[in-house]
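Trainee: I've got a model open and I'd like to learn how to read it. Can we go through it together?

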Amino acid sequence: QVQLVESGGGSVQAGGSLRLSCAASGDTYSTVCMGWFRQAPGKEREGVAGIHSRGDRTSYADSVKGRFTVSQDNAKNTLYLQMNSLKPEDTAMYYCAASQNTMCVYYYNRDYFYNTWGQGTQVTVSS
């Protein structure tokens, strides 16, 4: 089993930047993909970005392409999400997730392929 702990959320003005971190522990060897998801009040959870654990293949939601970058440090078992040019519509609770399902490589944003979730970290962007 994998345990995930996010950090790095906070409040920032539009145009600013934040970097989220997700520290993984436990049986990380079985992880195929890591993903970042977000959920705003009254909205469904959406996939933001995903990365293949061993190949560094990445995928992004159209709404964040060119502004967000997902990366990982396998030596530290840590996932990152660098968020630049933040917009008020990026305001949400952000979650990292781990998948042991190989389908996550093709469908990084399908949350049902992920079996382990962190507790979330809040990102608030003011205009």
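Mentor: Sure, starting with terms: strands are DSSP runs of E, at least two residues long, numbered from the N terminus, and two strands pair if DSSP finds at least two bridges between them. This is a predicted model, where local features need pLDDT of at least 70, side-chain atom pairs count only at pLDDT 80 or more, and totals for chains, interfaces and linings use all residues. Residues are numbered from 1 along each chain as its sequence is written, and side-chain values use heavy atoms, leaving out hydrogens and water.

Trainee: How do β7 and β8 pair?

Mentor: In the antiparallel sense, over six bridges, with β8 covering residues 78-83. S71 sits opposite Y80 in β8.

Trainee: In what order do the four strands of the open sheet run?

Mentor: β1-β3-β8-β7, with antiparallel pairing. β1 (2-7) and β7 (68-73) are at the edges with a single partner strand each, so one side of each has no neighbour in the sheet.

Trainee: How many helices and strands does the protein have?

Mentor: Zero helices and eleven strands.

Trainee: Is Y107 buried, partly exposed or exposed?

Mentor: Buried means under 20% relative accessible area, exposed over 50%, and partly exposed in between (1.4 Å probe, protein chains only). Y107 has 33% relative accessibility, so it counts as partly exposed. Y107 lies in the loop between β9 (92-99) and β10 (116-117).

Trainee: And what share of the 127 residues is buried?

Mentor: Buried residues make up 45% of them.
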